[in-house]
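I opened this entry to keep track of what I looked up, chain by chain and residue by residue. The notes follow the order in which I checked things.

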Amino acid sequence: MINKIQLYHGDGGVKTNELIREIFLKSYGEVGKVSLSDSFVFTTKASKLAYTTDSFVVQPLFFRGGDIGKLAICGTLNDLATAGAKPLYISAGFIIEEGFDIEALRQIACSMGEVCKRNNVRIVTGDTKVVEKGSADGIFINTSGIGVVSEQYFPCEIEPGDEIIITGTIAEHGTAILLDRYDLAIETSIKSDCCALSHLISDLERILPYIKLMKDPTRGGVATVLNEIAEFAGFNVELLENNIPIHPQVKAVNEILGIDPLYLACEGRMLLVAKKGYGSEILQLLQDFCGCREAQMIGCFTSDRQKLVYMQTKIGGKRVLPSLESQTVPRIC
Amino acid sequence: MMKMKPEIEKTVRIMEVCGTHTQAIAKSGIRYLLPKHVKLLSGPGCPVCVTHESYIDGAIDLLSYQNVILATFGDMLKVKGTYASLSEIKRKDTIFTVYSPEDAITLARKYPHKTVVFLAVGFETTAPIIGATIKNVFEQGPENLLFLTALKRMEPILRFILENEENRIDGLICPGHVASVLGGDAFRFVTEEFNLPAVVCGFQGEDMKKGVYSLLDQIEGKQPVTFLNLYPNCVRNQGNPLAKEFINEVYETEDGFWRGIGEVGDSALVLKEKYQRLDAKKRFPISEKITLKPSVCQCSEIILGRKAPYECSQFGVNCTPENPLGPCMISSEGACSAHYKYGRVIF
């Protein structure tokens, strides 16, 4: 097999099938599914399903802590998790630029297979298109996912006093992309936090009835996503700067670059809104049994109705955190 | 936390002149802790905000020469010249964002058949490292790297502000980064000649708080007016001798143009004759026409401390980080951008 993608790899003929067999199915391993049909057919006893889709155009394709393949699966699994859903099936569509390195494609597909295997989910249908050189930037991936929604999870109205938890340190994906994108000669051990959070739905099952909302703080970071939540809830959010978990190196790099980490994306963290009084118990569970040792309760909803997000700073001051207006780093996912 | 009790009624105006301090004030939420009559003003401490339109025009002119490409700090891309900004005229592979002047050397080596011009802006903070790069390039090449300078000196603009009584400054937070290069002593003149309380302080919220409170003590007469260095770990009285050596070696002073302010005597650092073969202006004739066109933008009033960002009629209405009218909104260190991001609602 030649080592670069050619236009004929996307024409649906012999070469496309060869690519699917040799690269995708071999890399996906047991989680891949051979089907002669254009559609995957399945039955389920579940009464409630969640269905989501997302496209991935991140640059660079390979970054510290992951690649576009890992991101494409984790992103969709996490979107399902926000709905309280455990994943069942994934679809994966590729738009590949002519001349793309086949070995890189294999690595990307392997990453996808690995995440699926770890999360017990199968890639059951897909599509491959190749476009002329210059018509795409290497590779774009679309994934969609179907999952079964836990019967214990029923998002409900947010009220003053409800508590906000983040499941780990913030801004690591955004910072990792920044470092790689701009080739900054800063020595750090920072990696993208990109990972699947599907396990939270089982791990937290017992206490899911007390979780009112889940949202993953990707584009726009924690500050922007909390603004969306405040808008939806109709109440102010008060954060405590001292409680926000951040890796010291992430903090330092962002200080050097003059970027506020509260606006940088996470790709493996969840924001949870806990019913008033249940925050500590959920936090304990996250820290002790869900592998989220850095999880923290970072704030709560107040009774004020301006729908503002503001922060009590370390020195006791206050500052408002508006939504992100202009993208700090484009094409992060 | 208890709010500070006002001891005096008259408005107290404290200015800082360092982009990082501007951000630190906004991020730390310190305004919330201060009594209403204390105003914190951001002076001309952000290099992007004070870059004159004619400099951007000149950089754009350079691109009309064949095989010239530009290397610049990212913040400069959106700053408008008389007619356009670099990002508006940017064509693929003509303008590269760099994070240090040394990156420009790498770029010049990567494109040996092009002339790379590094847009050298900043105060005495970036001047030494740019100076070291210039010296290095002068001695060892690459020959295809030139510099277009708009480097500024802090002392002349501070004198310009303090001499004008209209600006009514009651206390000064000295620029921490410039002070770490030039030394705390370089700012003693503020207290000695203008009898004004002045402090050098660090950049964490706690440092800023200490700085502002000690200025207030002096302004309110609880402490005698003295020059204080509260950041001795980083700022020595004599500064950083090596950095100062690079400044003295490479640059001399000249009158400089400041955006919205105009000409300020001796406020620019330009290349000494020895190094002028690396000066882009000497190699390529470019427009240096200074036009002071009337503008709705009130950045100069803000830089001089006459207005707070929220007192500008354009702030948050026609001028936002998304669609900045003036440079104070463009740079993340600009007073308006910091205020927009962190301090729009006054508690």
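**Loops and peptide bonds**

I started with A:P60, which sits in the loop of chain A between β1 (49-56) and β2 (62-63). The model is predicted, and I read every value below as computed from it. I checked the bond before this proline: A:Q59 and A:P60 are joined by a cis peptide bond, with omega at about 0 degrees.

I then looked at a cis bond in chain B. The peptide bond from B:G141 to B:P142 is cis, and omega is near 5 degrees. I placed B:P142 in the loop between α5 (127-140) and β6 (145-152) of chain B.

**Positive phi**

I looked up A:A171 next. Its phi is near 70 degrees, a positive value in a residue other than glycine. A:A171 belongs to the loop between β7 (163-166) and α4 (172-181) of chain A. Is A:A171 buried or exposed? I found 29 C-beta neighbours inside 10 Å, and the cut-off for a buried residue is 20 or more, so A:A171 counts as buried.

In chain B I noted B:D266, which is not a glycine and has a positive phi of about 60 degrees. B:D266 is in a strand, β11 (residues 262-271) of chain B. I counted 14 other C-beta atoms within 10 Å of B:D266, so I entered this residue as partly exposed.

**A:L208**

I found A:L208 in the loop between α5 (199-203) and β8 (211-215) of chain A. A:L208 has 19 other C-beta atoms within 10 Å and is partly exposed. The reason is the cut-off, because a buried residue needs 20 or more. I asked which residues A:L208 is in contact with, leaving aside its neighbours within four places in sequence. They are A:G84, A:S150, A:Q152 and A:Y153. I also took the separation of A:L208 and A:S280: C-alpha to C-alpha they are 14 Å apart in space, and in sequence they are 72 residues apart.

**Nonpolar core**

I turned to the largest nonpolar core, which has 209 residues; A:M112, A:I165 and B:V117 touch the most other members. Helix α2 (residues 68-82) of chain A gives the most to this core, with eight residues. I followed B:V117 further. Not counting residues up to four places away in sequence, B:V117 touches B:L62, B:V68, B:L70, B:L146, B:L148 and B:A280.

B:L62 led me to helix α2 (residues 53-62) of chain B. Nine of its ten residues are buried, so I noted the helix as largely enclosed by the rest of the structure. I listed the buried residues of α2(B) as B:E53, B:S54, B:Y55, B:I56, B:D57, B:G58, B:A59, B:I60 and B:L62. What covers these buried residues? I noted that the cover includes β3 (68-72), α3 (86-89), β5 (115-122), β6, β10 (251-258) and α11 (280-283) of chain B.

**Chain B as a whole**

I counted 14 helices and eleven strands in chain B. The radius of gyration of chain B is 20 Å, close to the 20 Å that the globule rule gives for 347 residues, so chain B is as compact as a globular protein of that length. Along its principal axes the C-alpha trace of chain B spans about 65 × 45 × 35 Å. Of the 347 residues in chain B, 52% are buried. I also looked at contacts in chain B with a separation of 6 or more: residues 24 or more positions apart account for 76% of them.

**Domains of chain B**

The domain assignment gives domain 1 (1-296) and domain 2 (299-342) of chain B. I took their C-alpha centres to be 17 Å apart. In the contact list, 28 residues of domain 1 of chain B are in contact with 23 residues of domain 2 of chain B. On the domain 1 side, β1 (12-16), α1 (19-28) and β2 (38-42) of chain B each supply at least two residues. The largest share of that side, six residues, comes from α1(B). By class I recorded 13 nonpolar, nine polar and six charged residues there.

**Between the chains**

Last, I looked at how many residues of each chain are in contact: 15 residues of chain A with 24 residues of chain B. The chain A side has six nonpolar, five polar and four charged residues.

Note on methods. Residues are numbered from 1 along each chain as its sequence is written. Chains are lettered from A and ligands numbered from 1 in the order in which they are written. This is a predicted model: local features need pLDDT of at least 70, side-chain atom pairs count only at pLDDT 80 or more; totals for chains, interfaces and linings use all residues. A nonpolar core is a set of buried Ala, Val, Leu, Ile, Met, Phe, Trp, Tyr and Cys residues joined through C-beta atoms within 7 Å. A residue is buried if 20 or more other C-beta atoms lie within 10 Å of its own, exposed if 12 or fewer, and partly exposed in between; C-beta atoms are placed from the backbone. Helices (H or I, at least four residues) and strands (E, at least two) are DSSP runs, numbered from the N terminus. Two residues are in contact if their C-beta atoms, placed from the backbone, lie within 7 Å. Domain bounds come from an automatic or database domain assignment. Ala, Val, Leu, Ile, Met, Phe, Trp, Tyr, Cys and Pro count as nonpolar, Asp, Glu, Lys and Arg as charged, and the others, Gly among them, as polar. The radius of gyration is taken over C-alpha atoms; the globule rule is 2.2 Å times the number of residues to the power 0.38.
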